[in-house]
Amino acid sequence: MTDTWNFDFANNDVEDIGVSQFYIKNINGFEFSDNIFTKPVSLRIDNDKRSNIKNNQFNKQLFLEITKETNSEFTLDYKQFDKNLFSYNLNTYFFNEHNKLESDFIADTERFSERNIKFYLENAIIKNEFVYKNEQKLKGRLYQMYRQNFDTDFANLVYTDIKDLETKRSEYLYKQDPSFKSFFTWKINQFLKVFSAYGTEPARAVVFSMYVILLFAFIYLLFPNSWDSHGKKRLMHRFEFFQKYLRRKDGMHTIYLENQEKEISSYKEFKTNLENAQVELPSFFISWSKPLYNASMFSSKITARFLKSTDILKGKWKDLSPKQKRFKNFQIGFLLTLGLIYDLFIKALNALMLSINTFTTLGFGEIPIKGLPRYLAIIQGFIGWFMLTIFSV
């Protein structure tokens, strides 16, 4: 106990002297900083004046009791504890009959003995409701203090410790009385820790959600779906195109335009109808329609020009010299590879869009995929609904 005007305990290296015990009362200033403790520490603060506890290194447990209401003059660096902060309740636990567990454990006379501390940390905190609530009460007071001081970082750290202890308690209660409610409470806490550090790290929730979306997108990529109906025949169409090219003297752009003839003809018919109806239609209508026609034909024209510029060797495959054939092999191989990369990109994009649609539960009427992934899409929809709800909360 200290009754001096100020008390400073700083820059000390405390080793091998057993439990260091401090009782601070009725002083104007308390400085407790930059100390290193290799053994447990007991710190009782019965003081409503300035207290500064920071930058200490606790290699063992700190058992803390704060009896007065904290104010802006009370400074406590939560990072220094590194999961080693506990309630001073240990001092009375072993000698208060209603706190005891049903156990054969006989406490040592020295209350802060290593054996007593081990039993308290491994059993009492989790299994004894009174002790558990006292531990949570201490951390709860610190949490409120940090919140009132707008110290979000320390508030999040202490809140995470509160929830970690709650998760351990939930596991113990489930094992004592297995039920769906106790099991769900335990597991939802475990999930929240991984998902978003109990809501203290929203960015982690976004990253976790992206992993789920990518995982299901990969599964959908392996199966056909109605969003990618053209993709099922795209590869065959490419080989059919190059087969015609190798067996004919025409250039690639000619064969491409033949394959696009039906679509191009409809565009040309559209243009012809406009030109023939110039007298019957307003001039602004004609002028607006021409850009629409050019935009519709743009893709076909660009593709035809590209194929024409790369088609250096024309002629049937069988009529080419060995040197020309080698070059032709390189040419077709390059274009096939380019086409396959494009097809794979489109297929992957479709799978990703399907996964995002499912995860965000936007809905798509009939599920556009068959087989096992059809049921996985329903499961992913539930996961997405659940995770987005948790993220919002």
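**Exercise 1. Which residue's side chain meets Lys-83 in a salt bridge, and what N to O distance does the pair have?**

Before we start: this is a predicted model, where local features need pLDDT of at least 70 and side-chain atom pairs count only at pLDDT 80 or more, while totals for chains, interfaces and linings use all residues. Residues are numbered from 1 along each chain as its sequence is written, and side-chain values use heavy atoms, with hydrogens and water left out.

Step 1. Get the rule straight: a salt bridge is a side-chain nitrogen of Lys or Arg within 4 Å of a carboxyl oxygen of Asp or Glu.

Step 2. Apply it. The partner of Lys-83 is Asp-161, at 2.5 Å, N to O.

Step 3. Locate both ends. Lys-83 sits in the loop between strand 10 (74-76) and strand 11 (85-87), and Asp-161 in helix 4 (residues 152-176), so the bridge ties together parts 78 residues apart in sequence. Helices here (H or I, at least four residues) and strands (E, at least two) are DSSP runs, numbered from the N terminus.

Step 4. Check the surroundings. Asp-161 has a relative accessible area of 11%, so it is buried. The cut-offs are under 20% for buried, over 50% for exposed, and partly exposed in between (1.4 Å probe, protein chains only).

**Exercise 2. Compare two salt bridges in helix 4, Lys-163 with Glu-166 and Glu-171 with Lys-175.**

Step 1. Take the distances. Lys-163 and Glu-166 meet at 2.9 Å, N to O; for Glu-171 and Lys-175, the closest N and O atoms are 3.0 Å apart.

Step 2. Look at the spacing. Lys-163 and Glu-166 are three residues apart in helix 4, which means about one helical turn between them. Glu-171 and Lys-175 are four residues apart, again about one helical turn.

Step 3. Add the accessibility. Lys-175 is exposed at 55%, and Glu-171 is partly exposed at 26%. In the other pair, Lys-163 is buried at 12% and Glu-166 partly exposed at 24%.

Step 4. Zoom out. The whole structure has 12 salt bridges.

**Exercise 3. Describe how strand 4 is packed and which strands it pairs with.**

Step 1. Count the buried residues. In strand 4 (residues 29-33), five of the five are buried, so the strand is largely enclosed by the rest of the structure.

Step 2. Split the strand by face. In a regular strand, side chains alternate between the two faces of the sheet. Here Gly-29, Glu-31 and Ser-33 are buried on one side, and Phe-30 and Phe-32 on the other.

Step 3. Find the neighbours. Strands count as paired if DSSP finds at least two bridges between them. Strand 1 (residues 6-10) pairs with strand 4 in the parallel sense over five bridges, with Asp-8 opposite Glu-31. Strand 7 (residues 50-54) also runs parallel to strand 4, joined by five bridges, and there Phe-32 stands opposite Ile-53.

**Exercise 4. Follow Phe-32 into the core and work out its ring pairing with Phe-9.**

Step 1. Start with burial: Phe-32 has a relative accessible area of 0%.

Step 2. Place it in a core, meaning a set of buried Ala, Val, Leu, Ile, Met, Phe, Trp, Tyr and Cys residues joined through side-chain atoms within 4.5 Å. The largest one has 30 residues, and Phe-32 is among those with the most contacts inside it, as are Leu-43 and Tyr-146. Helix 3 (129-148) is one of the elements giving two or more residues to this core; in fact, it gives the most, with five.

Step 3. Classify the ring pair. Rings of Phe, Tyr and Trp (its six-membered ring) pair if their centres lie within 6.5 Å; planes under 30 degrees apart are stacked, over 60 edge-to-face, and the rest tilted. By this rule there are 26 aromatic pairs. Phe-9 and Phe-32 have centres 5.8 Å apart and planes at 20°, so they're stacked. This pair links strand 1 to strand 4, 23 residues apart.

Step 4. Try a contrast. Phe-191 and Phe-208 are edge-to-face, with 6.0 Å between centres and 85° between planes. Phe-191 belongs to helix 5 (residues 180-196) and Phe-208 to helix 6 (residues 202-221).
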